[in-house]
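Hi,

Here is the structure I said I would pass on. Have a look at it first, and then read my notes underneath.

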Amino acid sequence: MLGLLWAAANSAHAFTREVYVWQRQFTPAVYQAMEALRDDTDGCAVLAAEVSWEKDGPRLFRSTVNYPALAAAGRPVGLVLRIGPYAGLFSADDATASYLAGVATSVLQASRSRGLEPAELQVDFDCPSSKLGGFRLWLDALRNAREGTKIAFTALPDWLARKEFSSLAHAADGFILQVHSLEKPGGPDELFQLCDPDRAWKWIERAGRVGVPFRVALPTYGYQLAFDTTGKFVALSAEGAPAAGPPGSQIRTVRSDVATISRLARKISAIKPRGCTGIIWFRLPVADDRLNWNITTLKVVLRDELPVSQLAVTVAWLKDGLAEVELVNRGEQDESLPPKVTVRWSHGFKMIMADGLGSYSLSMDRTDDGMLVLTAESAADGERIAPGHSRKIGWLRFPHEIPLALQIVARS
C-alpha cells in the first residue's frame, strides 16, 4: 500500500533524515503524506502509545498504527512511547516502573506480532531537568523490557547542563536533542521564535561532547496563541481546534520559519557536528494541517535546498468587461495573505463597480485617479495559500477589457 516508503540509508553510519509521525489516527491522509516522502527520508518515528497520570492512576492511549503496512514498506520505523508529566517518586522496580516497562513490552510485541521489527524504542518523557536522576531509573526499567531493541530518548537543551545528564545519556543507545520550543509568552506583542539557530547550534556542539550518538529534532509546526483583553496568555493550540479564549481575545499565530530552519538544517547536514547522526523532523505534514509546513516545503528542505517563495497577483478577464483578481502561489512554501493589493488603470477608462472577495474588501476607492486597493481583514492573519493553489480576492467591471497594473504591497 505504501510502496517503497523510504530510501534506505547508505550505511550504518549514514547521516539520516527522518520524520515524526505524530498523528494518533492513521488516516488515508497520513498514508498519502508518508508515501509522498518515500524518496526523501530514511525512516520515521511513530507515536505508538502515550501515558498520562490521573489521580486514580495512569491512563494509556494507543495510536491506531497500521503495523502491517509499515512492515510491507521494509524501511526503519522507530516506536515512540510518550510519557506525560509525573509528580511522584521514582524507582527502577516499583509499581510505576513496572507499569511503564509493561507498556513498552506490549508496544514492541504488538509491532512484532504484526510483522514489523522496530528499529528502536524512543522514550519522550516530559521530565523536569531536576528529575533526570529519576528518569534514569525509569530508563533502566525500560531497558530491561526492550528485548534487544535499541532505546533512545528525547532531550531538552537545558538538560545538557545537568550533571545527571551524562549518566542518563550513557544508559541509552542515543538521544534526540529537541532544539525547538515555545516559552510561555508574556503578551501578544512579544516576538516569538520556535527555534533560535544560534542557540541551537551551541546546544548541538555541547551535545557532541557528551559522547553518545544523537539526532537533532527540528520543527515544521506552529502554534496559535490566545490572549484575553488584558493581554494575558490564556490558551494554546498546535493541533486540532484553533486556540480560543474569552470574548474579545487576541489570536496570534507563530510558525516555524521556513528560511531560518532550512538554513540550520543545511548547516547541520554539511558540517555533521561531532556525535550528530541525523535530523528528525517534527512532524509529518498532512493535507488538513493548519499550522504545519506544506509537504512540498518539507520535501525541498529534505533535499538540503531552500524553498522558493513566489506569490503573484494576476487578473483574469471574463465576459462583459469583468476582471477577477487572484493571488497565485507559484513557489514551494505556504504564503500568507498580503495586507494589500493595488489595482491601477489609465485615467481614460471608467470603472463601473468593484468589490473584494473572501478576506479582502475595498479599503480605498480612488476611481478618479485610476486606482483601488484591496485590503485583507485583520482576521485573515493566519490564512495561507499552499504551493500550486490560488485565491480570488476581488473583482472589477469595466465597459470592456483594459490594461490593468496589479501590485502586492508587502508587510512593513
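Below is what I found, going from the whole chain down to single residues.

Before anything else, please keep in mind that this is a predicted model. The protein chain has 412 residues, and 50% of them count as buried. It is built from 8 helices and 22 strands. Taken along the principal axes, the C-alpha atoms fill a box of roughly 85 × 50 × 40 Å. If you take the contacts with a separation of 6 or more, 73% of them are between residues 24 or more positions apart.

Now the aromatics. There are 25 aromatic pairs in the structure. Take Phe 153 and Trp 159: their ring centres are 6.5 Å apart and the planes sit at 25 degrees, so this pair is stacked. Both Phe 153 and Trp 159 are buried. Phe 165 and Phe 175 also pair, but edge-to-face, with 5.2 Å from centre to centre and 85 degrees between the planes. Phe 165 belongs to helix α5 (residues 165–170) and Phe 175 to strand β7 (residues 174–178), so to speak two ends of a link between distant parts of the chain, 10 residues apart. Phe 165 has a relative accessibility of 1%, which is under the 20% cut-off, so it counts as buried. Phe 175 is buried too, at 1% relative accessibility.

These four rings are part of a wider group. Ring pairs join them into a cluster with Trp 53, Tyr 86, Phe 90, Phe 125, Phe 135, Trp 138 and Phe 214.

Trp 138 turns up again in the helix packing. Helix α3 (residues 95–113) and helix α4 (residues 132–145) have axes that come within 8 Å and cross at roughly 35 degrees. Their crossing is right-handed. On the α4 side the contact is made by Trp 138, Ala 141, Leu 142 and Ala 145. The α3 side brings Thr 96, Ala 97, Leu 100, Ala 101, Ala 104, Thr 105 and Leu 108.

A second helix pair to look at is α6 (residues 197–208) with α7 (residues 258–271), whose axes come within 10 Å and cross at roughly 25 degrees. That angle is under 35 degrees, so α6 counts as roughly parallel to α7. This crossing of α6 and α7 is right-handed. Pro 197, Ala 200, Trp 201 and Ile 204 are the α6 residues in the contact, and they meet Thr 260, Leu 264, Lys 267, Ile 268 and Ile 271 of α7. Two of these residues have a further link: Lys 267 lies over the face of Trp 201, 4.2 Å from the ring centre.

Which ring does Lys 272 lie over? It is Phe 15, with Lys 272 over its face at 5.2 Å from the ring centre. Lys 272 lies in the loop between α7 and β12. With a relative accessible area of 44%, Lys 272 is partly exposed.

Next, some backbone points to check by eye. Most residues other than glycine have a negative phi, and most peptide bonds are trans. Lys 272 has a positive phi of about 50 degrees, although it is not a glycine. Asp 304 has a positive phi as well, near 60 degrees. You will find Asp 304 in the loop between α8 and β13 (311–317), and it is partly exposed, with a relative accessible area of 26%. The peptide bond from Phe 282 to Arg 283 is cis, with omega near 15 degrees. Arg 283 lies in the loop between β12 (276–282) and α8 (295–302).

Last, two single residues. What surrounds Thr 342, apart from its neighbours within four places in sequence? Thr 342 is in contact with Leu 372, Val 373, Ala 405, Leu 406, Gln 407 and Val 409. Thr 342 is found in strand β16 (residues 340–344), and at 9% relative accessible area it is buried. Glu 35, in helix α1 (residues 28–36), is partly exposed, with a relative accessible area of 24%. From Glu 35 to Ser 262 there are 227 residues in sequence, and the C-alpha atoms are 22 Å apart in space.

Best wishes

Methods: Residues numbered from 1 in each chain as written. Predicted model: local features only at pLDDT ≥ 70, side-chain atom pairs only at ≥ 80, totals over all residues. Heavy atoms only, no water. Helix = DSSP H or I, 4+ residues; strand = E, 2+ residues; numbered from the N terminus. Buried < 20%, exposed > 50% of the residue type's maximum accessible area, 1.4 Å probe, protein only. Contact = heavy atoms within 4.5 Å. Phe/Tyr/Trp six-rings, centres within 6.5 Å; stacked < 30°, edge-to-face > 60°. Lys NZ or Arg CZ within 6 Å of the ring centre and 35° of its normal. Axes fitted to C-alpha atoms, helices over the stretch in contact; angles between N-to-C directions. Parallel < 35°, antiparallel > 145°, perpendicular 65-115°, else oblique. Left-handed = near helix turned anticlockwise from the far one by under 90°.
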